[in-house]
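Here are some worked exercises on side-chain contacts. Have a look at the model, try each task yourself, then follow the steps.

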Amino acid sequence: MTYLKRAITEYVKEIGYGGAYSIDGNTIEELYESLNFVNEFEKPSKEDFISKVEIKLKEILMKSLRKERNIKLVESDWTQNRDVVLEN
């Protein structure tokens with residue numbers, strides 16, 4: 001699942017829809033146009049959808065970046081422990 005589609009999934013849950021839905025496309029606009037709720041759930045406005053999904057997308061990307069950063073810190077910070085003595 002792409003980050004954008006994951007952001008849409010989080011947004012759909014946030015607006016209170018728990019049923020099935022379908023989306024198809026690559027851009028946020030294409031995904032909005034193809035958004036189809038299986039039950040008769042009112043589709044949000046395009047402006048609201050895009051702005052909220054963009055916020056969710058930024059949050060997801062930052063989480064991913066933090067996770068990658070934390071892994072790199074764990075891999076490289078071992079020399080900063082007090083019990084490590086490095087010889088020159």
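**Exercise 1: a bridge inside one helix**

Glu59 and Lys56 both sit in helix α3, 3 residues apart, which is about one turn of the helix; helices here are DSSP runs of H or I with at least four residues, strands are E runs of at least two, and both are numbered from the N terminus. Before we start: this is a predicted model, where local features need pLDDT of at least 70 and side-chain atom pairs count only at pLDDT 80 or more, while totals for chains, interfaces and linings use all residues. Residues are numbered from 1 along each chain as its sequence is written, and side-chain values use heavy atoms, with hydrogens and water left out.

Task: work out how Glu59 and Lys56 are linked, and what else joins them.

Step 1. Recall the cut-off: a salt bridge needs a side-chain nitrogen of Lys or Arg within 4 Å of a carboxyl oxygen of Asp or Glu.

Step 2. Check the distance: the closest N and O atoms of Glu59 and Lys56 are 4.0 Å apart, and the two residues form a salt bridge.

Step 3. Look for further partners: Glu14 joins Lys56 and Glu59 in a network of salt bridges.

Step 4. Classify the exposure, with buried meaning under 20% relative accessible area, exposed over 50%, and partly exposed in between (1.4 Å probe, protein chains only). Lys56 has 13% relative accessibility, so Lys56 is buried. Glu59 has 37%, so Glu59 is partly exposed.

**Exercise 2: two more bridges**

Task: the structure holds 4 salt bridges; describe the one between Lys46 and Glu33 and the one between Lys52 and Asp48.

Step 1. Lys46 meets Glu33 at 3.4 Å, N to O. This pair links distant parts of the chain, with Lys46 in helix α3 and Glu33 in helix α2, 13 residues apart.

Step 2. Lys52 meets Asp48 at 3.2 Å, N to O. Both lie in helix α3, 4 residues apart, or about one turn of the helix.

Step 3. Now the accessibility. Lys46 comes out at 29%, so Lys46 is partly exposed. Lys52 is partly exposed at 33%, and Asp48 is partly exposed at 27%.

**Exercise 3: ring geometry**

Task: the structure holds 6 aromatic pairs; classify the pair of Tyr21 and Phe37.

Step 1. Get the cut-offs: rings of Phe, Tyr and Trp (its six-membered ring) pair if their centres lie within 6.5 Å, and planes under 30 degrees apart count as stacked, over 60 as edge-to-face and the rest as tilted.

Step 2. The ring centres of Tyr21 and Phe37 are 6.4 Å apart and the planes are at 55°, so this pair is tilted.

Step 3. Place the pair: Tyr21 is in strand β1 (residues 21-22) and Phe37 in strand β2 (residues 36-37), 16 residues apart, linking distant parts of the chain.

Step 4. Tyr21 is partly exposed at 24% relative accessibility, whereas Phe37 is buried at 7%.

**Exercise 4: a second ring pair**

Task: do the same for Tyr32 and Phe49.

Step 1. Tyr32 and Phe49 form a tilted pair, 5.1 Å centre to centre with 50° between the planes.

Step 2. Tyr32 is in helix α2 (residues 28-34) and Phe49 in helix α3 (residues 46-76), 17 residues apart; here too, distant parts of the chain are linked.

Step 3. Both residues, Tyr32 and Phe49, are buried.
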